[in-house]
Structures are given as structure tokens and as C-alpha cells.
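This briefing covers two topics: the surroundings of a ligand and the packing of a pair of helices. Look through the sequence and the structure before reading the points below.

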Amino acid sequence: MLNDTLRNQSFKSAIETAVKQGYTSVLDIGTGTGLLSMFAAKAGAQEVYSCEMSKTMYELAGDVLVANQMKDKVHLIHAKSTDITVPDDIPKRVPLIVTETVDAGLLGEGMLSTLDHAWEHLLLSDKTQARVIPSGATVVACLVECEAIRKQNRLLYPGLCQLDLTQVSLVCKTSVPHRQQRDGTAVEDDDDDDEEDEEEEEPYTTENLKYVRGGYRAISDTTCVFQFDFNDPQAIRKYRKGISRDLQLPVIATGRLDAIAMWFVLELDPDTHLSTSPSSDRCWEQAIFPVLPEHIHSHGCERRENLVVREGEMVHVHCSVANDLIHLYCTDIKREIPGTQKNQPQGACTSSSQSSLSFGDVFRPVPSYSFCGFEDNSVSQGAYQFVENSEDSLRDCDENSHSLRVRDLSQGEKLNSTVDAGTQGCSSISSYGASINTDKTISTSTSKCDTYSFGGCPSPKSTLLLERHELGRLNDIEVNTAYFSAVQKLQQEKTGLSILDITQGFSALCLQSLLQGAAQVTLTGQDETNQMILRHISEANQIDAGKLLFVNGLPEEGDQGYDVLVTELVEPCGALRQQVLEDIALAKVSHLRPGGGVVPQRTSVYGMCIHSEKLKEYSMVVSDQSTLGWNIAQFINDFKMRTHVDVDLQTLPYTRLTEPFKIFDFDFNLPHSSDMLNFLEKDVTVRVPACENGSLTGVVYWFDIYVADAVRLCTLDEPRHWRQAVVMMAEDLDVTLGDGLCIQARCRNSCIDITVK
Ligand SMILES: C[S@@+](CC[C@H](N)C(=O)[O-])C[C@H]1O[C@@H](n2cnc3c(N)ncnc32)[C@H](O)[C@@H]1O
């Protein structure tokens, strides 16, 4: 944020103009480091008050004001603005409030309640003499196709390694619509289920679409959704009570409807605008509202499992402001009636000020993006066939019986596919996919899980909510298949395996193993939701519930009765899972029978030195230049410097300063001996020549995971679900081509640390 020079410059310019116009008593709400207050004081404001609710930021702002000789000019208050009173905290009402409490979804930091309170209690009572910077915002949205978003929204496969998942719809929590009526008012609680309300997720995630893995495509034009006037207290009240509108967006390019992307143009004053569009490269990402088949409820119950939309169709989007947040929700897809709507979005903003605003870009399909081609009724993606894509009548929705009839998928609509691991030295992995009975009728009455209704066409499936990263992991077919084949191989050697799975996160492998004939699977660290989901799926797959055990920590000591120990090693962020090596060591010593196997067998860690300005921007204030000469970097960097960050090396702009080098080997299957836990503590020194001149920003590392003999997964490969971890250098280190770099790496408590000399 502080590296965003244009953001800083725009606020400075709007504040200077207002002070020159006579607004010389200013309250900065959410001052952060104090930057906007210093702009106001420097511009000549006579009284500058700034409030900050975070104690850490308040203290930091104090240091920044001292360092910039502004301590006497800015009166700093540690408080949330809505707790400020006149004359206790500030002597009198002010004519000008400046605030940059804006998130990717515009209102997510509580802008409406902040301004509602400010207009009532803190700004001059004569509204004509008072104003707010920013003065307003125009919110825009477009429909996007984006595989990376899709993979984190919902399970894309009806089966995973023999596990039938046709009865359940596993979706991300963000995709559950806000509990409200179409007019924007909240739904009365009819089931006294307060917990559910408490757990309600934000309605959007955020993504920097410019750098999203695999790219994205806009499949509609960018359309105005709402315009907010922050200088109109009545309007703010109205937004807070709830507003809504329905939009129809014409599809301009055939594709898959994965999400509605939203961003905004912030109007600081009539002459100063800031767009947060994907191409703007501002510090704000875009808000992403996922679209699910469950959201679409045409009268004919025409749910589109594949969410393919075609040029000329209309996508209906319900837009609302409720609970002080913007919600966008796709409700329907309809074919355009010939002669109407000629590519004109219905209900576009009509305010007169709109013409002066730039919405940023009107995105057309990006030519360089490689979109997986599809024919009418199937979309293929790499080696996998999306059976769910058969758009017409693969599934018939029977409203009355609330049941789902699944056609015989084996007749020409096979799920099974041979997946090649596709990495050097790997064997090909055997087939995956669910075997689904012909014409079976599945009742939904078995559900003991929290299930969610999306309204409209009743879904015959139970909708179960998972975390995004867990869905990303489940949709990584190659990872599923690798783990499955490793356990399958062990089952071939010994029937009736007893398996201990210490993965902690959601694991489908336990159920797949039971289907394969495992005698019992014990899982550690599964929260209640995961337990319910696993029980639900096991019931649907006729798996004996007694064979699936959940324990909080590791089971009681002394039962060295497990044949196999299974775990996930690497978090989606690319670092080792917290305490994973210690967990393996403990479980291996206490619970694995001698001769038992650990899956994965071993792993090697590789590193590479890189320079990246973008990476620096993510993790620190790059210089005082970006804050227009104010001395802030030193303070925020001291406080913020993170040693580890995660990146997507596929999209991060960077220069490689060395070739990749090996750092560690961890072998989890050494026979029982005094040395078998040697993976717990490691120290190595590696010497590597620099292959380029540049300043070293960090060392990125990744894992080659040998799940079984010759079955390798690499956390760097596309399209795996992992990102990569980077150890940031405390200070830039200049390197020259040919320099010998001395890399010292250590691993303690499953944390990898790297220094370079
Ligand atoms: C995005 S930062 C902006 C910092 C600074 N204004 C700038 O532009 O660099 C927002 C800050 O506002 C604070 N904040 C948000 N709402 C607030 C409120 N109603 N009262 C006081 N502080 C608030 C947050 O704690 C956070 O530090």
C-alpha cells in the first residue's frame, strides 16, 4: 500500500486542494503510519487530528510523526473513530475527514459505519460546509473465466480414486450466498442456529488478476454495479439499511463462468480518481465472487454443472449492499431473446458523473491466454475429462422427489483416465475415477452434515463447505493419484492395512484406502466439519463407519500397530507443514510397527537465489520515495519485515541469480536405528556460482516429494496446487556473475532458514 506512489500522490493532491479551499481542520480516520495527516499538516491545515484503532499502528504512527518533525502538528488519538466524541477527544466538529479505510471489496473495512457515524457526530452539522475524501466510488464488475479460481471454488470431479462423490457438492465457504432476501434485508432466523450466522464468511475472496496463475479471461464487458456518494449522509444511511439491484450482463465470449470480479474507481475529489482495475497495478487486488452451479436457478431447473456460457447469453447478477458489505451473486443464465438487449448491460449506472469516470479497462478476451478448447458438450483439460461438463441432460433434476438420477457413466462417458505423472523418473500412475452404478437413485436424507440451500432449484446434492486451499488440494488430481497409488501398492503387499493418517487437513485418502480394503484408518487433527464431511462421504460409499477413527492428538503410546503412516508434507503456501517432521518422528517411533512404511517416503528440497522488485514490494516499503519523501520505510520495515513469504514463481516477475541447487534430503523410511530420526535437525552449506549480476532479494525453495518408489511430485510444477516459499534476505546482497555464493541452510522444528554470504 505504501509502495503505491500513485495512491499516495492522489491522496496528497486531493488533500492539498481541500486545504487550499479552506478546509483547514482535518480528521484522518485510520491514520496507519500517519501519512495522510502529514500531507494535511504540510499543506497548511491548522488542526490535524488522526485516529487509529490498532495499538501497534498507533504507536508506529507516533514514531513516524516524531521522525518527520510532525509531532506538534498532528494530534494522534488511539481510538476507533466511532468511539470518538466531541469535545472529549477532539475539541469541535471538523469540516474535512480524510480516510483510506478501503479494501479490495471497497466497504470491507467498515467504511459505511465509519462515515455514517462521522456525519452524525464528527463532521460540521452544516453539511454544506463539510466533506469527505474520498468523495465517492463507482463499483464495477465483469464475468471472468479463471481456472485457478475455479479449482478453489468447488470440487470439479464426480469421483476421486474410486471414491464416489456424486452425492455431494464440495464448495468453498465464500460461495455461500449471504442470508438475505432479494430486496437486501436480512432473513429472519427460523432455526435458532446462531452458530451458522457467526461463521458467515466474507462474500468475496481477493485475487490480483494480473498475476493469477494461468491467467484469466473476461467474458463480459465491465459494467457499473453501484455508485456511492460519501458526501451524502442520507445516502450512506440508505446503503446501510440495504440496497439491491439486478443486472443482466451479456456474455461477449463463450467460456466458463467461474466468478464475478469486482473493483472500483475511487473518486478522491472531482478531479482525482484511482482505479483498482486488474491492469492498474494499484495496491488493491480485485474482489472475487465465486459462481457455482448451485447459484443458477432457472425456472426450468436448468442447472449448468459445467457453467459454460455462450456469447449472446445473459447472466443475471443480484447485487446488494447488506451488513455494510457488497454482495454479488449470479442467479441465472438465459439466452438473449433475438432483437433485444443488443450487448447492452441492463441497469447500467446512469448517474451524470459517470461519464467523467474511467472504469479502467473493458476487458476483452486476452489473446495470449490459452483457454482449453471445448466442443459443444465436453470440456477437456489436459488428460482429464470433466464428465460434469455434459451440459444437456447428464443429470435430471427431479424437483418433486429431490433425488438425483445418475446416468450410466460407463457408457461412453467414462470417468476413468490414465494419468501420467509427467515428471522425470516417474512411473505412470494408474487410473483414477469413481465407478458409479448404473441408474442409481441417491437419497439426500442421509445427511448429518451442515448442508446449505442456495434457493431456487432445490439441489439434489448435499452441499458441504470446505476451505479453499483444501478444495485446491482435492482438485490436484495428480497429487491424489500419487498418494492413492502409493497406498495401493502397500495394500498389494499386505492386505488389511492399518493406516495412521496425520495429515491434519481434509484427507480423502483415508476413504479411498478403506475402499481398497484397508482394515482401519485413524486420522488425527480433523476438525468437526471435516469429520462430518468424511462420515457423510463414507456413508454414501457404503464404507463401514467403524473403520474410520478420529483422534485429537496421536493415539495412546505403545500401540505400534500401524502398518502405514501417511501425511501431507508441504502446506499450499509451499513451506513444510507446521511440526510435520516432529509428528512423523513421534508417530514413527511410537506407532509404526517395525517394517511399516511412511508415505511419502522421502523428499528433497531445492533452492534458487532470485532478484525481484515485485517481491520486495510485497514484503516491505521499498524506499521513502514511494511515500513522497516522508520517512516511513525505516519504521514499518523494522516492524513488518517478514523472513518468509510465499509466491507463485509461475507469475512472479523475477531474475534468477543462480541455477537451482539441492539443499536437503529427508528420508522417512530409514530402518529403525539410532539414525532414523536424522531428518529432525539439519544443517548444510552449499556453494553455488551466481549466473547473473543483481541484488539478491531472497532464496525460493521447493520440494521434490517421492510419495512412493519413482512416484515424484514437485511443488514447483504447473499445475500443482502449491505455491513456493521464499526466505527473504534481511538486506539486499549485490552479487556479480561468477561469484561463489555460500548458502547456509538449517532446519529446526520443521522450519527452513537460509542465509547467503
Ligand atoms: C488501509 S490502512 C491506511 C493507513 C493510512 N491512512 C494510509 O493511507 O496510508 C487503514 C488503517 O485504518 C485503521 N482503521 C480502520 N477503520 C478505522 C476506524 N473506524 N477508526 C480508526 N482506525 C481505523 C486500521 O487499523 C488501519 O491501520
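The points below describe the ligand site and then one helix pair. The model is predicted. In it, 20 residues surround the ligand, and helix 4 packs with helix 7.

**Ligand site**

- Among the 20 residues around the ligand, the closest are R7, G30, T31, E52 and S81.
- By class, this shell consists of eight nonpolar, seven polar and five charged residues.
- R7 places a polar side-chain atom 2.8 Å from an oxygen atom of the ligand.
- G30 uses its backbone instead: a polar backbone atom of G30 is 2.8 Å from a nitrogen atom of the ligand.
- T114 has a polar side-chain atom that lies 3.4 Å from a nitrogen atom of the ligand.
- On its own the ligand has 600 Å² of accessible area, and the protein covers 91% of this.

**Helix 4 and helix 7**

- Two packed helices are described by the angle between their axes and by the distance between those axes.
- Helix 4 spans residues 111–121 and helix 7 spans residues 233–241.
- The angle between this pair is about 140°, and their axes are 10 Å apart.
- The crossing of helix 4 and helix 7 is left-handed.
- Helix 4 contributes L112, S113, L115, D116, W119 and E120 to the contact.
- Helix 7 contributes P233, I236, R237, Y239 and R240.
- Sorted by class, the contact between the two helices has six nonpolar, one polar and four charged residues.

Key: Residues are numbered from 1 along each chain as its sequence is written. This is a predicted model: local features need pLDDT of at least 70, side-chain atom pairs count only at pLDDT 80 or more; totals for chains, interfaces and linings use all residues. Side-chain values use heavy atoms; hydrogens and water are left out. A residue is near a molecule or strand if one of its heavy atoms lies within 4 Å of it. A polar contact is a pair of N or O atoms within 3.5 Å; within protein, one must be able to donate a hydrogen and the other to accept it, and residues adjacent in sequence count only if both atoms are side-chain atoms. Accessible areas come from the Shrake-Rupley method with a 1.4 Å probe; for residues, only the protein chains shown count as cover. Ala, Val, Leu, Ile, Met, Phe, Trp, Tyr, Cys and Pro count as nonpolar, Asp, Glu, Lys and Arg as charged, and the others, Gly among them, as polar. Axes are lines fitted to C-alpha atoms, for helices over the stretch in contact, and angles run from 0 to 180 degrees between N-to-C directions. Helices (H or I, at least four residues) and strands (E, at least two) are DSSP runs, numbered from the N terminus. A crossing is left-handed if the near helix is turned anticlockwise from the far one by less than a right angle, and right-handed if clockwise. Contact means heavy atoms within 4.5 Å.
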